[in-house]
Amino acid sequence: MKDVKDVNDAKPAEAHKPAKAPKSEQTRTLILETALRLFQERGYDKTTMRAIAQEAGVSVGNAYYYFSSKEHLVQGFYDRLAAEHEVAVQPVLAGDKDLAVRIRDSLLTWLDVAEPYHPFAAQFFKNAADPESPLSPFSAESVAARESAISIHARVLFGSDTKTAPELAEMLPHLMWLMHMGLVLYWVYDRSEHTERSRRLVERTAPIAARAIALSRYRVLRPLVRQVHEVLEEFLPGAMATKRG
């Protein structure tokens, strides 16, 4: 009778070897990381796609294959930041049910994730502040990162023990995202050590936001929430659009 080799003994090292990212994804990541470094060193406006390609060791055509413009490189940065926050915020989403704690910890987690990018955040904001710029957080080009952030706020809210009016279910996460955008603006200009003032701002405003959301379930305040949302929807139509069934 032939010996049967235990399949569990066959090449155990290979069984646990992590899969490498496809070469195309490695190249894309290399170009993005090179661009972020050059934006920090030279500034956004003074960094060209040719310089990025040269530093990354790829052809200009290859750089344009992965990112059709500098603006798309920044969109890649937005997407990366959103993806990193999505991973980092999971313990918060699975943790405390108190809404104030969830809002506070989700925003503090965002500050932790964004910290390495703070030195050159102002470079992006100078361009993102232009309402016509595709770098604007309210632009159509930023929809993926925006929807990812709003999704996190929805899970922060609906995973809490705070009761809300069903008719406000779509509106409230958008309003929470606008609060987040206010924090981002403050953070960009925050020059305190380790952006400590931004963190303090979160600590102070999270309980206020949670209380306002809790009060919005009362009928007397629901019209006010709707009116606020309608005003924002009129003046920030791309950012405040809600999905209709």
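At what angle do the axes of helix 5 and helix 9 cross? Keep that one in mind for a moment while I set the scene. What you have up there is a predicted model, so please take everything I say in that spirit.

Okay, the overall picture. The protein has 13 helices and zero strands, so if you read the elements from the N terminus on, it's alpha after alpha right through to the end. Of the 245 residues, 42% are buried. And if you take the contacts between residues at least 6 apart in sequence, 70% of them join residues at least 24 apart.

Now back to my opening question. Helix 5, residues 70-88, and helix 9, residues 143-158, cross at roughly 20 degrees, and their axes come within 9 Å. Angles under 35 degrees count as roughly parallel, and that is why helix 5 is called roughly parallel to helix 9. The crossing of the two is left-handed. If you want to click on the residues, helix 5 brings Tyr78, Asp79, Ala82, His85 and Glu86, and helix 9 answers with Ala144, Ala145, Ser148, Ile152 and Arg155. Sorted by class, this contact of helix 5 with helix 9 comes to five nonpolar, two polar and three charged residues.

While we're on helix 9, have a look at Ile150, which sits in that helix. Its relative accessibility is 11%, so Ile150 counts as buried. In sequence, Ile150 and His180 are 30 residues apart, while in space their C-alpha atoms are 9.6 Å apart.

His180 takes us to another helix pair. Helix 7, residues 99-114, lies in the model with helix 10, residues 171-189, packed against it at an angle of about 40 degrees, the axes being 12 Å apart. That angle makes helix 7 oblique to helix 10. Here the crossing is right-handed. From helix 7 you get Ile103, Leu107, Trp110, Leu111 and Ala114, and from helix 10 Met176, Met179, His180, Leu183, Val184 and Trp187. The class count for helix 7 with helix 10 is ten nonpolar, one polar and no charged.

Just past helix 7, where do we find His118? It's in the loop between helix 7 and helix 8, the latter being residues 121-128. Buried or exposed, then, for His118? At 12% relative accessibility, and with the cut-off for buried being under 20%, His118 counts as buried. Leaving out residues up to four places away in sequence, His118 touches Trp187, Val188, Asp190, Arg191 and Thr195. You've met Trp187 already, as one of the helix 10 residues in the contact with helix 7.

Last stop, the stretch with a label on it. UniProt, in an unreviewed entry, places a "DNA-binding region" at residues 48-67. In the model, that span is 75% helix and 0% strand, and its end C-alpha atoms lie 12 Å apart. Helix 3 is residues 49-56, and its buried residues are Met49, Ala51, Ile52, Ala53 and Ala56. What do they pack against? Helix 2, which is residues 23-42, plus helix 4, residues 60-66, and our old friend helix 5. Right after helix 3 comes Gly57, with a positive phi near 75 degrees.

So helix 5 turns up twice: roughly parallel to helix 9, and among the partners of the buried residues of helix 3. That's my tour, thanks for listening.

Key
Residues numbered from 1 in each chain as written. Predicted model: local features only at pLDDT ≥ 70, side-chain atom pairs only at ≥ 80, totals over all residues. Heavy atoms only, no water. Helix = DSSP H or I, 4+ residues; strand = E, 2+ residues; numbered from the N terminus. Buried < 20%, exposed > 50% of the residue type's maximum accessible area, 1.4 Å probe, protein only. Contact = heavy atoms within 4.5 Å. Axes fitted to C-alpha atoms, helices over the stretch in contact; angles between N-to-C directions. Parallel < 35°, antiparallel > 145°, perpendicular 65-115°, else oblique. Left-handed = near helix turned anticlockwise from the far one by under 90°. Nonpolar A, V, L, I, M, F, W, Y, C, P; charged D, E, K, R; others polar. UniProt positions renumbered as here; feature names shortened; annotations may be inferred.
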